[in-house]
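Work through the exercises below with the sequence and the model open. Each task is followed by a solution in steps.

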Amino acid sequence: MVSTAPKSTEKLVDTEGTVRLTVAQATIRFLAGQYVERDGVRSKFFAGCFGIFGHGNVAGLGQALLQDEIAAAEASKEPGLKYVLGRNEQAMVHSAVAYARQKDRLQAWAVTASVGPGSTNMLTGAALATINRLPVLLLPADTFATRVSSPVLQELELPSSGDVTVNDAFKPLSRYFDRVWRPEQLPAALLGAMRVLTDPVETGAATVSIPQDVQAEAHDWPESLFAERTWHIARPLPERSVIARAAEIVASARKPLIVAGGGVHYSGAEGVLAALASGTGIPVAESQAGKGSLRYDHPQSVGAIGSTGTTAANALASEADVVIGIGTRYSDFTSASRTAFNNPDIRFVNINVASLDAVKQGGISVVADAREALEALSTALGDFRVSDEYRTRVTELAAEWEDTVSAVYATSDDGAALNQNQVIGLVNTLSDPRDVVVCAAGSMPGDLHKMWRTRDRKGYHVEYGYSCMGYEIAGGIGVKMADPDRDVFIMVGDGSYLMMATELVTAVQEGIKVIPVLVQNHGFASIGGLSESLGSQRFGTSYRYRSGDGRLDGDTLPVDLAANAASLGADVIKATTAAEFTDAVKAAKAAERTTVIHVETDPLIYAPDSQSWWDVPVSEVSTLESTQSAYARYADWKKVQRPLINPSDR
């Protein structure tokens, strides 16, 4: 047998220089050296690290961030990773995610929290990031790898498995998960996280869990680990044969419709889309994430589609024989729970960078970057144009909807209290074209989707993949940090505000000016309306005292949210009438500090009807007449719901 072992103890390769750092120090130094490049433009990937310290990360990542900050100050330069103290772990993830979305996923934040509840508070944020396909690096602290002090404070102690901790809950919510049990595992874990964070298909929450003893452990690291590394953001090209087939289907259409999703923004495809729509006359409807793909006044813009859509987009969707989905997930709100597209012969052409989304609704899957695919499709379509009759119908439907919006936006000078439609209209009218509106949950996302007149590609930021209550203020802070030259209007109801108002303190701390518009309607307006439509009579959705019979239908609770906002350090302006609200918006825009505008509205005055549906099951049997009537309506809508794949799909 011939030995393959080296014949001497002499090293085959010279060892490079090393540097002795803790695992936490190495993590911060590595992250500071990561860059991304797309279309020849190179930028630093991590803008900083949000954190709340406690046992598990205070002596690890906390010490590393402090050391980095002190060294930067002594050298009169920016730290490798700027640190921002948050007030709530979930909210920190929301701010990071909003920042990444505003930056078109080309820049992100890391977020660290302490052992146990501190880290698991980030679970909601992880789900939100992954569902919305937005990059965020989560660095939850963990219990001891050595278990020398077990059980430690806040340790799970699962009887059936000694290596499971609460951080294992991140696994189904993250696009990437790793736990660093030993220092030697760190480079692979960080590289794996970066691969996912910078991949347009895979991106979402990347979680690297580091036990507290490992964070503080020293190790000799190769200097090459900390060299600047540039990650290329790919633009996958479409296959020519698939584009040819897609163009053939579109060219055969009499009533085509484009559904623009968030992928249009992340690809920077707005200009190509506008040119395609103008050249062909194909109308463009928008999902929540895709809103702003066209200016609201573009001739082919028909606004929002689906359960919270415009009557124009939904009328065209019901007749469309070909739907071109661009960068959309086809959520149930976009497809109106598969009732929006009613033409029995409808066909779909789906352009998406992810095959998971491209295959939805059946039809032709064009797996490619949105901008590249649209350019190729435009070329393949040649001189295709929709008919003059169809173009006229698109124009008329869009004009009818704009008249509807103008009517509900209108205010009077009689000093009457405002409703939510008018509040939205005033903010829309008084804000600058480049200002950003932020929202996430309640009735306002739907109202904004159908009524907000978007004038800039980044002027609309509504989180509706997870529709997470409490996102609004934290998300608005992230948007402002990403785009400080814009005013950021945060539309938030009292329900969401009460869940996570404390990030106002973070805005004050960092000198970040945002303008929360706090709409006080004494309860959950959206769920109240949904409850009523399902026959549940708004049960449990109002903020009220208990009445004599024990039900929550007594007098309104005396909650002073304006005083609460002021106590957190924000300036507050209370407004009731249109004139007062107008003055408040002007004052807030002129101010240099975060200014909350507080306004009370009537939750029973609704936005215009979308003439659409959302599938929420109704009790099949009930003793309540209201529920019986709601179930009858539900059964009628279920008859319209189309199957996933039509016989015409091919």
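**Exercise 1. The annotated regions**

Task: Find which residues UniProt gives to the feature "domain: Thiamine pyrophosphate enzyme central", and state how much helix and strand the chain has there.

Solution. Step 1: the unreviewed UniProt entry places this feature at residues 243-377. Step 2: in the model, which is predicted, the chain over residues 243-377 is 35% helix and 20% strand. Step 3: the end C-alpha atoms of this stretch are 6 Å apart.

Step 4: repeat this for the annotation "domain: Thiamine pyrophosphate enzyme N-terminal TPP-binding", which the unreviewed UniProt entry puts at residues 74-155. Helix makes up 34% of the chain over residues 74-155 and strand 21%, with 39 Å between the end C-alpha atoms.

**Exercise 2. Domain 1 against domain 3**

Task: Give the domain division, then describe the contact between domain 1 and domain 3.

Solution. Step 1: the protein is divided into domain 1 (18-232), domain 2 (240-401) and domain 3, which is made of 410-522 and 559-600. Step 2: the centres of domain 1 and domain 3, taken over C-alpha atoms, are 31 Å apart. Step 3: 23 residues on the domain 1 side are in contact with 29 residues of domain 3.

Step 4: for the size of the interface, use the buried area. Between domain 1 and domain 3 about 2,200 Å² is buried, and carbon and sulfur atoms give 58% of that area. Arg 87, Arg 101 and Gln 102 supply 32% of what domain 1 buries against domain 3, more than any other three residues.

Step 5: turn to the polar pairs. There are 15 residue pairs in polar contact between domain 1 and domain 3, counting pairs with both residues at pLDDT 80 or more. Strand E5 (82-85), helix H3 (89-102) and helix H5 (123-131) are the elements that give two or more residues to the side of domain 1 touching domain 3. H3 provides the largest share of that side, 8 residues. By type, the residues of that side divide into 10 nonpolar, 8 polar and 5 charged.

**Exercise 3. Salt bridges**

Task: State how many salt bridges the whole structure has, and say what parts the pair Arg 393 and Glu 319 ties together.

Solution. Step 1: a search of the whole structure finds 30 salt bridges. Step 2: in the pair of Arg 393 and Glu 319, the closest N and O atoms are 2.6 Å apart. Step 3: Arg 393 is in helix H14 (residues 388-409) and Glu 319 is in helix H11 (residues 311-319), so this salt bridge ties together parts that are 74 residues apart in sequence.

Step 4: between domain 1 and domain 3 the count is 2 salt bridges. Lys 458 and Asp 104 also form a salt bridge, with 2.8 Å between the closest N and O atoms.

**Exercise 4. Backbone exceptions**

Task: Locate the cis peptide bond between Ser 150 and Pro 151, and the positive phi of Ser 467.

Solution. Step 1: recall that most residues other than glycine have a negative phi, and most peptide bonds are trans. Step 2: the bond joining Ser 150 and Pro 151 is cis, with omega about -5 degrees. Pro 151 sits in the loop between strand E7 (136-142) and strand E8 (176-179). Step 3: Ser 467 is not a glycine, yet its phi is positive, about 45 degrees. Ser 467 belongs to the loop between strand E19 (460-462) and helix H17 (471-482).

Conventions
Residues numbered from 1 in each chain as written. Predicted model: local features only at pLDDT ≥ 70, side-chain atom pairs only at ≥ 80, totals over all residues. Heavy atoms only, no water. Domains from an automatic or database assignment. Contact = heavy atoms within 4.5 Å. Buried area = accessible area lost by both parts, 1.4 Å probe. Salt bridge = Lys/Arg side-chain N within 4 Å of Asp/Glu carboxyl O. Polar contact = N/O pair within 3.5 Å; in protein donor to acceptor, adjacent residues only side chain to side chain. Helix = DSSP H or I, 4+ residues; strand = E, 2+ residues; numbered from the N terminus. Nonpolar A, V, L, I, M, F, W, Y, C, P; charged D, E, K, R; others polar. UniProt positions renumbered as here; feature names shortened; annotations may be inferred.
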